[in-house]
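Reader: I'm in my first year and I'd like to go through a protein model step by step. Could we do it as questions and answers?

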Amino acid sequence: MASKAKTKSVISDEVMISMDNVNKWYGNFHVLRDINLTVHKGERIVICGPSGSGKSTLIRCLNRLEEHQAGTINVQGIEINNDLKNIDEIRRDVGMVFQHFNLFPHLTILENCTLAPIWVRKMPKADAEEIAMKYLTRVKIPEQAHKYPGQLSGGQQQRVAIARSLCMEPKLMLFDEPTSALDPEMIKEVLDTMVQLAEDGMSMICVTHEMGFARKVANRVIFMDEGQIVEQNEPEAFFNNPQSERTKLFLSQILDH
Amino acid sequence: MSRTSSFIYDRQIRGIIFQMFLVFGLLLGAWWLGNNTLINLAEQGKSLGFNFLEQTSGFQISSTLGTWAMEYNVGTSTYLDVYFIGIINTFLVAALGIIAATFLGFALGIMRLSQNMVVKGFATVYVEVLRNVPLLLQLFFWYFAVLRALPSRRGQVEIFEGAAGINITGLYLPAPIAQSGAGVLGLAFILFVGIAIWLKRWAKKRQYETGQIFPAFWVGLGLIVFGTSLVYLLMGQPIDWSFPVFKDTGPALRRGFQIGDGMVIVPEFIAVWLALSLYTAAFIAEIVRAGILAVSKGQTEASYSLGLRPGVTLRLVIIPQALRVIIPPLTSQYLNLTKNSSLAVAIAYPELVSIFAGTALNQVGKEIEMIAMMMSVYLTFSLLTSAFMNWFNARVKLVDR
Amino acid sequence: MAVSKKQKYAFIRSEDAPVLPPPASQAGITGWLWQNIFASMADYSSLGASIISLMVALLSVCILYFGGIQIYGLIDFAIFSAVWSDPQVIKREACWTVDQGGALPSGWHGACWPFVMAKHKFIMYGPYPSEELWRVNLTGLIGLLGLGWVLFERLPYRKQVGAALLTLYPLLAFILLTGGNSGASFGSVSLWLIIGLAIISVGRMGKRGFLGATFTEFSGLIGFAGWVFVIYNAIRGMAAVDFGLEPIDTRDWGGVLITLVVAITGIVASLPLGIILALGRRSEMPVARLLSTIFIEFWRGIPLITVLFMASVMLPLFMPEGVNFDNLLRALIGVMLFSAAYMAEVVRGGLQAIDKGQYEGAQAMGLSYWQTMRLVILPQALTHVIPGIVNTFIGLFKDTTLVSIVGIFDLLGAGQSAISDAAWSTPVQALTMYIYIAVLFFIFCFGMSRYSIYMENKLSKSRSH
């Protein structure tokens, strides 16, 4: 069946993200230890690991939702620090999808999607709506455009969240456990959307427990534990031949149910 | 089952019978109370009627907005005038109290959310202390302990030399006197406000069409402030000020602030306004804090990750959601403040309860009529507030399935 | 062209990265200072942020400076500079400066605690005769013990003690405080008791079917009426017994005694009425709903002071000749009706929070409306609303100060009266007394609000499993 086939990946040499010796503390707790990571344009990366391992913290550092205290992070050549202009530029080109969707409940779906293009990219309303409808069609729910988030199911809301991020036409998408809060029957529709996105060439970093998705889409799987990157490899090598003991333990826990 | 018992078992019939008993019992009770009242009134030689409203009142009322508005004169003004003066003074102190309490309350609520321990600590202490001490005690504190400590009528504490001062008889401020041309100034002000509003609409439309953002708020504000000032100067400063005059030489009995110059705010008003504002601000602070906390952190994060700046996020995402939670309890607090203004009777600020249900009632003696008139004012305001709250809630309800 | 990056990715960590201590800005004293004080003043990335940072810095400085002055001033007034004792019993002269003829240095400004200590009994009990104070103390002690029993979780029979507290205790308190001996004739009391018992028997017989089907239906109602007669007259009877206690008119009560009596009576008496009103407002019968709504909105829309005025001025007009309410009773009635409206809203909130499934389950079991309410709904609803009830009580406790305006001597009224005592007249007299009373109120209200928060947290934890 076509769904079993691996998606093609076109990875360029251009470096999108480089993290060097990144360390982060929450008070006394050393939450990210010595993170070194390079991401090229076109790559699809899946990060997995036990809860508390720092996976979400890592990707949240990439758009400055969290601050790192040591090391450097460069996104598309721009360094992430306290300079507001840098942060603005980075956030324009990096989109993020959250576990709990975080749609704006007081705005319609269409308004959710056009808010950022109008106020950040300063587009006229008509153009923004055109782009919004284009992406809403891409995630297959254009007919919901004038409804409110409270009227949609979880799977629909998450797809709207993806469309909302896409409306800013980002170069990189970050996914923070996008399907963890969904009922089982809705997980597939969201994962299919993400697969389609990957096939269209979007670079993405995805924190998730969905290993089927990883096998299908990722060109690299990273395992994190206790704030450090323990192992990373191509999916086949990672799943079939994990090297580290901790990786083996984790995989045995999540794959055998 | 016999016909009767099925009759009794029927829920609807039982409900109707119960309600009939309820109405009957209520009417019986009302008749009994009313009958007693009429008998007691007849014994005291009184009768029901509203004619007393046309009698002239026999007591002096301290100078306040109400007395000024109704041009009160002992001997010519009627009890109906007294009623209106009471209403005006109540709403004056309530309106000014609401404004002050809202500003202070919002500031304190935001301060309580600050990361800074000093600022947060101060706001927390303020809220806890003011909420747990009775309002009447706070009123007494301001009136008896603070305002009484001011210099006597022959002295003053100068706030601005020659322009404002305060002593135990009140706060003296310059009074504006409208000259010819002031009307034009007023019109100009309204015109500028209108232009500012139109500007905002135009800017929004422009943003829809071209995407460019125009700072209509600041431009409009600047227009109102500078434009009005310009017209003021051009018209030759058509507002004259009557400054309070303070004599500190001459015969002892004539020293102090002279009557007739400037405007005086009586210490009773200051005490009531201070006590009401500070007390209600503590409650408003908690409401604001709860409202802002009710908006989940994920909303801010989603907004930031889309590239929206903190200012825009606050305006378009956070505040609309927070206001939905804040406004209903906020209007309750406004209602409470208005009702609490009745405490002014304890220090003789001439609001509705104190002059109408207090002094006037003592003179006229028509308890039922007067108390009914007084309560209808409060009830009207309360019902209006409830209606507004219901309308607001229905209008901004987040659409659910 | 896709470049194979197979070898490039494979990575296995050979040794763990070291767990390092955080940089100074995160932990330790510097970290704490940074997070809690200076971080909010350091953001100058945009115009808005700069303004906020500067304002926070300015506010902090102002608060520390002025707050420090005020707090130091207060502590100095209340503790360091205060006069604590008056060994020669010279009363106000103990707190006079040399300019006024006393012993303290010129410019002295401090609290006059002997004044408070001398007035202490007055503040607590009002003009209650000193020999009879044991009665007030006994009432208070029993009340506290009962309350503690109900609140402390490990003790047995909490429900029974609670029920006794709500029913027997008020009667006991009434007898102890006023002296009982109310003068109701035993003849009339006995007559009504017998009538009540007879009605109950009729109800019982009706229930067992001896009097036909119609009676069986109404037996509940009849029995209820009978019990009302019995209980009312039992209370009248008990109140009329002469226990040998000296009768004390309510005019001799004052201070904290009055405040507690008004607040507690208000809350306890308004609870049943509030429950009935809440049920009425949610009823399907339009008349009941309309009447309840009118009642609630009326009493909530007017200030308490007007209620007290109404009660003290209009209540005598409504009663038939010869029925004379004393001042305190009029205020109590006004407070009770006022508080019932607020209590109704609180209970209504609790009823609304109960899942519809509870009503349906009870109906499916065949329980009647009143049984459902009594056994299933109200127990759950009342637990939900305990924080709300405590909050209403705190509000009522503060509102009792208003009775001083209608001539009843509560804590604040007693304080005002103490201040006007010329034997203690000093410039610091008013301030000392106000601080003392404010502290009393604050301790009580703050304590209760902490308890309410504690209960809220406990209840929400037990609810969300």
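**Rings, cysteines and a serine**

Author: Let's start with one ring: Phe388(B) has a relative accessible area of 37%, so Phe388(B) counts as partly exposed. Keep in mind that this is a predicted model.

Reader: Is Trp391(B) buried, exposed or partly exposed?

Author: Its relative accessible area is 48%. Buried would need under 20% and exposed over 50%. So Trp391(B) comes out as partly exposed.

Reader: How many residues apart are Phe388(B) and Trp391(B)?

Author: Both sit in helix 13 of chain B, which covers residues 367-396. They are separated by about one helical turn, because their spacing in that helix is 3 residues.

Reader: How many aromatic pairs are there over all chains, and what kind of pair do Phe388(B) and Trp391(B) make?

Author: Over all chains, the count of aromatic pairs is 29. For Phe388(B) and Trp391(B), the ring centres are 5.9 Å apart and the planes meet at 35°. Planes under 30 degrees apart would be stacked and over 60 edge-to-face, so this pair is tilted.

Reader: What is the angle between the planes of Phe338(C) and Tyr342(C)?

Author: These two lie 4 residues apart in helix 12 of chain C, about one turn of the helix. They form a tilted aromatic pair, 5.1 Å centre to centre, with an angle between the planes of 55°.

Reader: Which of those two is buried and which is partly exposed?

Author: Tyr342(C) has a relative accessible area of 24%, so Tyr342(C) is partly exposed. With a relative accessible area of 6%, the buried one is Phe338(C).

Reader: How many disulfides are there over all chains?

Author: A disulfide is a covalent bond between the sulfur atoms of two cysteines. To count here, the two sulfur atoms must lie within 2.5 Å. Over all chains, the number of disulfides found that way is 0.

Reader: Is Cys445(C) buried or exposed?

Author: Cys62(C) makes a handy contrast: at 33% relative accessibility, Cys62(C) is partly exposed. Cys445(C) has 1% relative accessibility, so Cys445(C) counts as buried.

Reader: Where is Ser244(A), and which backbone nitrogen lies 3.1 Å from a polar atom of its side chain?

Author: Ser244(A) is in the loop between helix 8 and helix 9 of chain A. Ser244(A) is buried, because its relative accessibility is 12%. The backbone nitrogen 3.1 Å from a polar atom of its side chain belongs to Arg246(A).

Technical notes: Residues are numbered from 1 along each chain as its sequence is written. Chains are lettered from A and ligands numbered from 1 in the order in which they are written. This is a predicted model: local features need pLDDT of at least 70, side-chain atom pairs count only at pLDDT 80 or more; totals for chains, interfaces and linings use all residues. Side-chain values use heavy atoms; hydrogens and water are left out. Buried means under 20% relative accessible area, exposed over 50%, partly exposed in between (1.4 Å probe, protein chains only). A polar contact is a pair of N or O atoms within 3.5 Å; within protein, one must be able to donate a hydrogen and the other to accept it, and residues adjacent in sequence count only if both atoms are side-chain atoms. Rings of Phe, Tyr and Trp (its six-membered ring) pair if their centres lie within 6.5 Å; planes under 30 degrees apart count as stacked, over 60 as edge-to-face and the rest as tilted.
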